[in-house]
Amino acid sequence: MEQSIHRDPALFYWILFPITVVMILTGVLRHYATILLASTPKKQELPAVREQRSLIRGINLRNNAHTISPTSFAARKSYMISAYKEGAFLKDPHNRGKAAANPMTDPAAMEGMMGMMKGNMAMMVPQTLIMGWINAFFAGYVIMKLPFPLTLRFKSMLQSGVATRDLDVRWVSSLSWYFLNLFGLQSVFIFILGNDNAANQMAQQVSQMNPGAGVNMFQPGQDPDKVFQSEAENLEVLEHEYILKGVEQRLLDSIQL
């Protein structure tokens, strides 16, 4: 027998709808707040850009070695290994072999940390206020029922704040609806703000886990010379296999009648 609960229809207008609207507006405000708090990226010096691009070049050579001939690969491999071992691409060759500088004294690293702290503030402060608002006014309400069956594993996720073991798992509490909106409004934010937006909670967390992705190949406190030496070893042990080796014979074998 299907479980039914007599609910006030006004719950939709006074709980479910307000929570959804507030979450969307909060995401939009977070997006523009992140833009306002973001510092203008400084232009990197030519030696620093050369150092990073040289490492990318070696990685690309290793990943795409099968697309070039053995002669071309051998020439590129020899040049990159020799340059890596000699430190030809280092931004500061005179600091080679010395201990890495303390990242806390690096202005660029400190600026990155400050940017991450600003992002955390823009993310945590609104969510803390919304959580307090929901717990104060909407705690313990069951606001909707899902139209499809679910297993009991979803009970703790969909019925947060409702301590009732006999309640059907398809019923959703107000607190759970908040969490579902928190992680499930990415499509709405893409529609409103575009693909490159700062409103999504999950995207914010991923970007903060790796804030230097795509900007700096070397993490704060990392010795570039050791990274180059490691990449040189990777190139040395790489076995080259040309993708077009014997392609003529393979083509003839494939069209034989």
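# Exercises on helix packing

Let's start with one pair: helix α1 (residues 10–37) and helix α7 (residues 186–193) pack with their axes 11 Å apart, at an angle of about 55 degrees. The model is predicted: local features need pLDDT of at least 70, side-chain atom pairs count only at pLDDT 80 or more, and totals for chains, interfaces and linings use all residues. Residues are numbered from 1 along each chain as its sequence is written, and side-chain values use heavy atoms, with hydrogens and water left out.

**Exercise 1. Describe how α1 and α7 are oriented and which residues make their contact.**

Step 1. Axes are lines fitted to C-alpha atoms, for helices over the stretch in contact, and angles run from 0 to 180 degrees between N-to-C directions. Angles under 35 degrees count as roughly parallel, over 145 as roughly antiparallel, 65 to 115 as roughly perpendicular and the rest as oblique. α1 and α7 are therefore oblique to each other.

Step 2. Their crossing is right-handed (the near helix is turned clockwise from the far one by less than a right angle; anticlockwise would be left-handed).

Step 3. On the α1 side, M23, I24, G27, V28, H31 and Y32 make the contact, and on the α7 side V188, F189, I192 and L193 (contact means heavy atoms within 4.5 Å).

Step 4. By class, this contact of α1 with α7 holds 8 nonpolar, 2 polar and no charged residues. Ala, Val, Leu, Ile, Met, Phe, Trp, Tyr, Cys and Pro count as nonpolar, Asp, Glu, Lys and Arg as charged, and the others, Gly among them, as polar.

**Exercise 2. Work out how α3 packs against α9.**

Step 1. The axes of helix α3 (residues 70–86) and helix α9 (residues 224–236) come within 8 Å and cross at roughly 150 degrees. That makes α3 roughly antiparallel to α9.

Step 2. α3 passes α9 in a left-handed crossing. K77, M80, I81, Y84 and K85 of α3 touch D225, F228, Q229, E231, A232, L235 and E236 of α9.

Step 3. Sorted by class, the contact of α3 with α9 has 6 nonpolar, 1 polar and 5 charged residues.

**Exercise 3. Find how α2 meets α3.**

Step 1. Helix α2 (residues 46–63) packs with α3 at an angle of about 145 degrees, their axes 11 Å apart. The crossing of α2 with α3 is left-handed.

Step 2. S54, L55, R57, G58 and L61 of α2 meet F73, R76, K77, Y79, M80 and Y84 of α3. The contact of α2 with α3 divides into 6 nonpolar, 2 polar and 3 charged residues.

**Exercise 4. Say how far the prediction can be trusted along the chain, in terms of pLDDT.**

Step 1. The protein chain averages a pLDDT of 81, and 84% of the residues score at least 70 (pLDDT is the predictor's confidence in each residue, from 0 to 100).

Step 2. Among the elements of the protein chain, α3 has the highest mean pLDDT (94) and helix α8 (residues 201–209) the lowest (52).

Notes. Helices (H or I, at least four residues) and strands (E, at least two) are DSSP runs, numbered from the N terminus.
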